[in-house]
Amino acid sequence: MSASVLKYQGALSSLAPDARRRLLARTGESDALVASRVQALIARVRTEGDRALFDFAREFDRVELAALEVPRERWSAALESIPSDVREALTRAARNIARAHAAQRPQAIEVETEPGVIVGRRPDPLSRVGVYAPGGRAVYPSSVLMGVVPAKVAGVGEIIVCSPPGTDGLPSAGVLAAAALAGADRVFALGGAGAVAALAYGTQSVPRVDRIVGPGNAYVAAAKLQVVDAVAIDAPAGPSEILVVADASARPDAVARELLAQAEHDPEACCVALVVGAPLAQAVRDAVAQQARVARRGDIVLSALGSRGAVLRIDSLEEAWPFVAEFAPEHLLLATATPTEDLARVRNAGTVFVGQRASVAFGDYLTGANHVLPTAGLARAYSGLSVLDFYRWTTWQRVTPEAAAAMADDVGTLADSEGLFAHAAAARAWRVP
């Protein structure tokens with residue numbers, strides 16, 4: 001039996017109220033400090049524009065940028081330079097993402113609410129969007145695809161990618177290659193809160209966008225929340241998280257692998273398993289400890305598991321569903337004997353992986369579903385990124401003369417009751433068709 005590397009274990013029903021509250025909240029004491037720092041960074045971008053962005057590159061990325069925008073020839077060179085198997089895999093992923101998101105395209109509608117009154121609604125693609133691609137501990141070309149490809153499918157006018165520069169002053173070759181492959185229009189070597197502020201408010205070099213999408217660290221997440229007065233965002237997204245629901249049909253090593261796959265993202269990642277029965281729960285804990293100690297990103301994995309990792313015993317699957325709804329995970333894996341039936345019991349999850357063979361890794365890269373998802377319980381109200389995020393809707397109403405005459409008195413009555421007498425007069429003027 002291995003010593004546990006997990007923060008929480010034992011029975012879900014015996015979890016102390018404070019521990020349960022911390023597990024559900026997924027917030028840290030540093031959140032207020034991060035928000036304060038981000039506020040100052042955003043203020044500098046709004047005041048100083050490009051100058052602040054060059055300063056941030058020196059301060060945070062330790063690089064002296066010659067320019068903020070990356071020339072297109074550098075993207076093309078990056079696409080040519082990456083290994084052929086990586087390029088083929090990215091191409092396959094982009095194709096599946098396009099196929100899945102094309103099926104989500106919304107349609108214009110019209111409805112006649114009463115004779116002669118037509119109400120319509122039309123989806124219009126956004127003019128310009130910003131796609132953030134993380135850097136730092138790891139770089140994610142896949143996140144470029146997840147943002148750019150759906151925007152292209154939706155027909156967005158201009159797509160701008162921002163990603164932090166490396167020591168050469170450029171985003172990673174993988175990010176640049178993905179931007180070229182996916183069809184982005186412009187790329188900037190910008191990261192963190194500065195990139196978000198630049199996209200939200202515009203600078204001398206960076207154009208203002210209509211919506212910002214894409215995952216990022218705590219600073220990126222905080223910045224997105226602070227710029228919603230100026231720009232739409234996809235969903236607040238912080239450190240990665242997973243909730244696995246497992247019964248006797250699950251393989252302990254497979255459950256452990258899924259927990260570690262999310263733990264390796266970030267020391268703040270939250271990785272939880274609800275496991276039916278004490279023997280399986282212990283087997284999962286042992287497998288987690290064994291795999292964590294030999295993980296290639298072991299320091300990150302052990303930090304995440306030690307601060308927000310949990311394998312909790314439940315007596316039956318019925319005990320799991322209320323916790324799932326309350327936890328509202330970014331990723332939910334159903335490692336059960338009847339996962340398709342159990343899917344119907346799920347409420348509040350960013351995305352659901354149905355059956356233990358449906359590894360979260362498949363969804364992160366290749367199924368075509370989007371991996372940009374709400375975290376920290378916000379799946380209660382937010383959905384994952386989709387093609388719908390790249391439209392705004394125009395509504396209209398048409399009224400025939402006869403319908404105007406038929407509505408005039410009732411509208412006048414309602415307007416009078418609210419003290420809006422000019423409204424009443426405007427309606428009553430059409431009493432006669």
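Asp 234 sits in the loop between strand E8 (232-233) and strand E9 (241-246). In this predicted model, Asp 234 is buried, with a relative accessible area of 8%. Its side chain reaches the backbone nitrogen of Gly 214 at 2.9 Å. Further along come Glu 330 and His 331, which UniProt lists for "active site" in an unreviewed entry.

**Around Asp 234**
- Setting aside neighbours within four places in sequence, Asp 234 touches a run of residues earlier in the chain: Arg 211, Ile 212, Val 213, Gly 214 and Lys 224 are among its contacts.
- Its contacts also include residues later in the chain, namely Val 372, Tyr 382, Leu 385 and Asp 389.
- Gly 214 turns up twice here: Gly 214 is on the contact list of Asp 234, and its backbone nitrogen is what the Asp 234 side chain reaches, at 2.9 Å.

**Glu 330**
- Glu 330 has its place in the loop between helix H13 (320-327) and strand E12 (331-335).
- Is Glu 330 buried or exposed? Its relative accessible area is 7%, so Glu 330 counts as buried, the cut-off being under 20%.
- Leaving out neighbours within four places in sequence, Glu 330 is in contact with Pro 239, Ser 240 and Glu 241, among others.
- Other contacts of Glu 330 include Gly 350 and Thr 351, along with His 371, Leu 373, Pro 374 and Thr 375.
- The two residues on the UniProt listing also meet through their side chains: Glu 330 makes a polar contact with His 331 at 3.4 Å.

**His 331**
- Next in the chain, His 331 is found in strand E12.
- His 331 is buried as well, because its relative accessible area is 2% and the cut-off is under 20%.
- Which backbone atom lies 2.8 Å from a polar atom of the His 331 side chain? That would be the backbone oxygen of Glu 241.
- Again leaving aside neighbours within four places, contacts of His 331 include Glu 241, Ile 242, Leu 243 and Gln 262.
- Also on the His 331 list are Thr 351, Phe 353, Val 360, Asp 364 and Leu 373.
- Glu 241, Thr 351 and Leu 373 are worth a look on screen, as they appear among the contacts of Glu 330 and also among those of His 331.

**Positive phi values**
- Ala 328 lies in the loop between H13 and E12, where Glu 330 also has its place.
- Phi of Ala 328 is near 50°, a positive value in a residue other than glycine.
- At 0% relative accessibility, Ala 328 counts as buried.
- Arg 62 has a positive phi too, near 55°, and is likewise not a glycine.
- Arg 62 is found in the loop between helix H3 (50-61) and helix H4 (72-81).
- Unlike Ala 328, which is buried, Arg 62 is exposed, with a relative accessible area of 70%.

**The chain as a whole**
- The chain holds 17 helices and 14 strands.
- Its C-alpha trace spans about 85 × 60 × 40 Å along the principal axes.
- Of the 433 residues, 50% are buried.
- Take the contacts between residues at least 6 apart in sequence: 73% of them join residues at least 24 apart.
- About 19,900 Å² of the chain is exposed, with carbon and sulfur atoms supplying 53% of that.
- On the charge side, there are 43 positive and 47 negative side chains, and the centres of the two sets lie 3 Å apart.

How values were computed. Residues are numbered from 1 along each chain as its sequence is written. This is a predicted model: local features need pLDDT of at least 70, side-chain atom pairs count only at pLDDT 80 or more; totals for chains, interfaces and linings use all residues. Side-chain values use heavy atoms; hydrogens and water are left out. Helices (H or I, at least four residues) and strands (E, at least two) are DSSP runs, numbered from the N terminus. Buried means under 20% relative accessible area, exposed over 50%, partly exposed in between (1.4 Å probe, protein chains only). Contact means heavy atoms within 4.5 Å. Accessible areas come from the Shrake-Rupley method with a 1.4 Å probe; for residues, only the protein chains shown count as cover. Lys and Arg count as positive and Asp and Glu as negative; His and the chain ends are not counted. The place of a charge is taken as NZ of Lys, CZ of Arg, CG of Asp or CD of Glu. UniProt positions are given in the numbering used here, feature names are shortened, and annotations may be inferred rather than shown by experiment. A polar contact is a pair of N or O atoms within 3.5 Å; within protein, one must be able to donate a hydrogen and the other to accept it, and residues adjacent in sequence count only if both atoms are side-chain atoms.
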